Amino acid sequence: MTKLETDLLDLLKEDCRLPLEKLAVMTGASLEEVAATIEGLEQRRVILRYAPMINWDLTDRERVEAMIEVRVTPQRDMGFDAIARRIYCFDEVKSVFLMSGSYDLLVLVEARTLKELAAFVSGKLSPLETVTGTATSFVLKRYKEEGVIFDSGETDRRLVISP
Amino acid sequence: MNYEKLLNPRITAVPPSGIRRFFDLAATMKDTISLGVGEPDFRTPYSIRNVAINSLVDGETQYTANRGLPELRDEIALYLSGRYGISYDPEKQVLVTIGASEAIDLALRAVCSPGDEILVPEPSYVSYSPGVIFAGATPVSVKTLEEDNFCLTPGKLEEAITPRTKALILPYPNNPTGAVMDREALEAVAKVVLKHDLFVISDEIYSELVYGGHKHVSFAAVEGMYERTLTINGFSKSFAMTGWRVGYACGPAEVISVMNKIHQYAIMCAPRQGQVAAAAALKTGRENGYEDVLRMRDSYDRRRRLMVDAFRSMGLHCFEPLGAFYAFPSIRSAGMTSEEFCTALLRSKNVAAVPGTAFGPGGEGNIRCCYATALDKLNVALDRIARFVAENK
């Protein structure tokens, strides 16, 4: 990773709508360099997409989220990666992590209703032949994600003018 | 009661800070974006705050030694030797103060006698000249010029020296200009200092916030200057700890001892939790390569480039600041004084900046804008200034 690459990632992580001109000024690189570097990061899939972070609680969309701890039995010729693939291909699944500790995979699932979510666990996830057990916990409230506090109520407490 | 008779005329004669006047106006405005702040927009890293919380939980609520907690003085000595190559004995040469501000005040009171002249390069931080007057001496302004990169030059220094000159305040990296002085420039000043046997109060509060490959040089590290320099620094700017009020002075044991005499009678000690947090900040920094300081500095640097570029795009001449977190553009092309410009900008566009004259008459024609402001707000403020400048061409 070059300094320019890490600088650009830092800036885009905060605000991916910053125009190339400003990115160039702020990193001290030329417009062409910045454009080429970002393209390189995209091609190498370091940057996967540019998406806003949304606080769904403030929308009227019905939505249920759960974290499911999944225990699996890896089978011959089928390591964790293949089992994870069987799971992450479901549309309901938002994230899948391989974990150390008392279970193997952590699966973040989103559905519109509790019923849909229950149907996913009982009808799609649990029946997979390699899955030996699941423990589902529902998300009640989100406080902080990706470093962003959802309802911080934080204000700038600095004096308007100071020496 | 006749208060005029009661109050000390030497103090009442000092005009109130120009910043204060502007603050009163800005405070009445709503939805203002302020570029007039003089502190980081970062909060103190939580790990440091947590150390102070634990200290309270553990019941550490007593006075500390006058000179400061021994572990903090040890850390300060390690920091200055590791970072700037100057060694101080934590027992005799380090004094922890209530912000760098108290250190400046103590230094002036320790050094000044009636009739003494103290040289103050300007534009600079607002409290030096009043501090000299409060201490009973006479401040002598040494105007620094943009053509000299707002650095103090040996020529300007020589011109200001009289037989009464006792000390020089050296405020670099500089607030409000953002100027820095490299080793060569400091060595040139050192020659004059030595020739006239001056003492130097070096305010290095922005020492960590330097950009563009510049490396901060402590004046005490310049050959021959150690014995005649008081190094003042603190945690407010580099470590985002303004409200904790912890700073320090390091220098010759004889000077520190006299400063401590005033400090112990007037103040007793800096607040304990601030000292505990400051010691943790230095220890953590020493162990992780000053990760937090560098992260904040990188962030300021990006915004610095953005602000300077924006002013230049507006057609305003803007000196390239290489230190602190201020830009000091010239607003002469708008045909207004600094104060008129800032007042009109505030009233018509709800953006607060500080008139350059708040930092001495040499600041006329410039305004100070702080880029330690969230990027989205900074962009809005710069757009508003651009519109203001276009309307006033």
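# A walk through chains A and B

Start by colouring chain B in two parts: domain 1 covers 3–44 + 292–391, and domain 2 covers 46–288. Keep in mind as you click around that this is a predicted model. Between the centres of domain 1 of chain B and domain 2 of chain B, taken over C-alpha atoms, there are 24 Å. Now select the contact between them: domain 1 of chain B puts in 34 residues and domain 2 of chain B puts in 37 residues.

Stay on the domain 1 side of that contact. Helix H2 (9–12), helix H12 (291–313) and strand S9 (326–327) of chain B are the elements giving two or more residues there. H12(B) has the largest share, with seven residues. Colour this side of domain 1 of chain B by residue type and you get 18 nonpolar, eight polar and eight charged.

Next, select helix H3 of chain B, residues 18–27. Which of its residues are buried? Show Gly18(B), Ile19(B), Phe22(B) and Ala26(B) as sticks; those are the ones. They sit on the same side of H3(B), because they cover an arc of only 90° around the axis. Spin to the other side of H3(B) and you'll find Asp24(B) and Ala27(B) exposed. To see what covers the buried residues, add strand S1 (33–34), helix H13 (338–349), strand S10 (351–352) and strand S11 (354–355) of chain B, which are included in that cover.

Time to look inside. The largest nonpolar core has 136 residues, and the ones with the most contacts inside it are Ala107(B), Ala249(B), Ala278(B) and Met307(B). Centre on Ala107(B): beyond its neighbours within four places in sequence, Ala107(B) is in contact with Ile201(B), Leu230(B), Ile232(B), Ala249(B) and Met259(B). Another core lies apart from the largest one; it has 12 residues, including Val72(A), Val96(A), Leu105(A) and Leu117(A).

Before leaving chain B, pick Asn233(B), in strand S7 (residues 229–234). Buried or exposed? Asn233(B) counts as buried because 26 other C-beta atoms lie within 10 Å, and 20 are enough for that label. Put a distance on the C-alpha atoms of Asn233(B) and Tyr206(B): they are 7.8 Å apart, though 27 residues separate them along the chain. Setting aside neighbours within four places in sequence, the contacts of Asn233(B) are Ala100(B), Glu204(B), Ile205(B), Ser207(B), Gly247(B) and Tyr248(B).

Now switch to chain A. Its secondary structure comes to five helices and six strands, and from the N terminus on you can trace them as α-α-α-β-α-β-β-α-β-β-β. Zoom out for the overall dimensions: along its principal axes, the C-alpha trace of chain A spans about 60 × 40 × 30 Å. The radius of gyration of chain A is 21 Å, where a compact globule of 163 residues would be near 15 Å. Of those 163 residues, 15% count as buried. Among contacts in chain A with a separation of 6 or more, 53% join residues 24 or more positions apart.

Last stop: show both chains and select where they meet. The contact takes 14 residues from chain A and 22 residues from chain B. On the chain A side, helix H1 (3–14) and helix H2 (20–27) each supply at least two residues, and H2(A) gives the largest share, four residues. By type, this side of chain A divides into seven nonpolar, three polar and four charged residues.

Definitions and conventions:
Residues numbered from 1 in each chain as written. Chains lettered and ligands numbered in written order. Predicted model: local features only at pLDDT ≥ 70, side-chain atom pairs only at ≥ 80, totals over all residues. Domains from an automatic or database assignment. Contact = placed C-beta atoms within 7 Å. Nonpolar A, V, L, I, M, F, W, Y, C, P; charged D, E, K, R; others polar. Core = buried A, V, L, I, M, F, W, Y, C linked by C-beta atoms within 7 Å. Arc of directions from axis to C-beta. Rg over C-alpha atoms; globule rule 2.2 N^0.38 Å.
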